[in-house]
Amino acid sequence: MKTVGFIGLGIMGRPMARNLLKAGFAVVVHSRTGSKVDDLVGDGATAGGSPRDVAARSEVVITMVPDTPDVRQVMLGPAGVIEGAHENLVAVDMSTISPAATREIAAALAERGVRMLDAPVSGGEIGAIKGTLSIMVGGAAEVFEQCRPVLAAMGDKITHVGPQGHGQITKLCNQVAGVLSLQAVAEALVLASKAGVDANKVIEALSGGAADSWNLRNQGPKMLKRDFAPGFFVHLQQKDLRLAMELASQLNVPLPGAALIHQLFNAVEALGGRELGVQALVQALEQLAAMKVSG
Ligand code: NAP
């Protein structure tokens, strides 16, 4: 596999495509915004005119777009990947989308001989830049093995979970666990700040103990600096929580923690935070506690 197509050059897609270039793959890129394509071309990628064009020129085509309708459109829509189908093509969707829709998209691609993996990721923008993403994969084992070198250029923890859709289900579990840990950090920092303790010291003291977490180390300092720039948009987190709760409802599984945080993010959105990073969750708690965290 020499040529990898990459569609969706957003916060995650840009650094992921760059890491493919660094690993020596020829990379054909496409995004809706021309300037994002130009940036990658400056790094050594080739521009593809449409998802169809990218697919026709690649052995593996990766999608990293926001939501289920976007993946459906890029894969199956006019000038989509399906129109560039060829015998050796594998489609790898690394976005976070509905597991059921993933199976439908994979079935439609399979009718044209295209094999598919669902391979969503965790690790945030930082993980995408460093090439240390955790990648959770659903699909046939032989297709996974064939794509392993491509995935290894972007992540350092690559798990083949099971058949098609199981990567997406795993990612939804990740989102449930991740958002509860984010809430834990926000609550601790609100309490510390209102009690008059140096919240930076609280982060330092908690790191390495039983309450340590990725969110504590990465999102905690941003909350204290009031740096709400997006690494992961609030509106995309809300999309993931909706997907998790949809799956849970089908299975009669209660997700009380995730449901509560979904509501708190509604408050963040009401405060104008839709395009902020998810660390803005602290703003909802600040409103309730009538204070602001500080370091
Ligand atoms: P983002 O910054 O909004 O990027 C998404 C990109 O998709 C945009 O750059 C957009 O292109 C492109 N796009 C949308 N529709 C398209 C289409 N029809 N054709 C071509 N390109 C299209 O979002 P992101 O943060 O990178 O997230 C991407 C996916 O990864 C989402 O499913 C998200 O849930 C998941 N994820 C994100 C993170 C994170 O920390 N950010 C972590 C793990 C997983 P233009 O900008 O050119 O319009």
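Helices and strands here are DSSP runs, numbered from the N terminus. With that naming, Ala-79 sits in the loop between H4 and E5. The model is a predicted one, and Ala-79 is a handy place to start looking at its backbone.

Most residues other than glycine have a negative phi. Ala-79 goes the other way: its phi is near 60°, a positive value in a residue that is not glycine. As for its surroundings, Ala-79 has a relative accessibility of 21% and so counts as partly exposed, given that buried means under 20%. Arg-226 is another case, with a positive phi of about 55° despite not being a glycine. This residue belongs to the loop between helix H10 (214-225) and H11. Arg-226 also counts as partly exposed, because its relative accessibility is 30%.

Back to H4, the helix that comes before the Ala-79 loop. Helix H4 spans residues 68-76, and its buried residues are Thr-68, Val-71, Val-74 and Met-75. These four cover an arc of only 135° around the axis, so they lie on the same side of H4. The spacing fits the usual helix geometry: an α-helix has 3.6 residues a turn, so residues three or four places apart point the same way. On the face turned away from that buried side, H4 carries the exposed residues Pro-69 and Gln-73.

What do the buried residues of H4 pack against? The list of partners mixes strands and helices: strands E1 (3-7), E4 (60-63) and E5 (90-93) are on it, along with helices H3 (51-56), H5 (99-110) and H11 (234-250). Two of these names have already come up, since E5 closes the loop that holds Ala-79 and H11 follows the loop that holds Arg-226.

Zooming out, the protein has 13 helices and 9 strands. Its radius of gyration is 20 Å, which agrees with the value near 19 Å for a compact globule of 295 residues. Along the principal axes, the C-alpha atoms fill a box of roughly 65 × 45 × 35 Å. Half the story is inside, as 50% of the 295 residues count as buried. Contacts reach far along the chain too: among those with a separation of 6 or more, 67% join residues 24 or more positions apart.

On the outside, the accessible surface comes to about 12700 Å², and carbon and sulfur atoms account for 55% of that. The charged side chains number 26 positive and 27 negative, with the centres of the two sets 4 Å apart.

Technical notes
Residues numbered from 1 in each chain as written. Predicted model: local features only at pLDDT ≥ 70, side-chain atom pairs only at ≥ 80, totals over all residues. Heavy atoms only, no water. Buried < 20%, exposed > 50% of the residue type's maximum accessible area, 1.4 Å probe, protein only. Helix = DSSP H or I, 4+ residues; strand = E, 2+ residues; numbered from the N terminus. Arc of directions from axis to C-beta. Contact = heavy atoms within 4.5 Å. Rg over C-alpha atoms; globule rule 2.2 N^0.38 Å. Areas by Shrake-Rupley, 256 points an atom, 1.4 Å probe, with all protein chains shown as cover. Lys, Arg positive; Asp, Glu negative; His and termini not counted. Charge placed at Lys NZ, Arg CZ, Asp CG, Glu CD.
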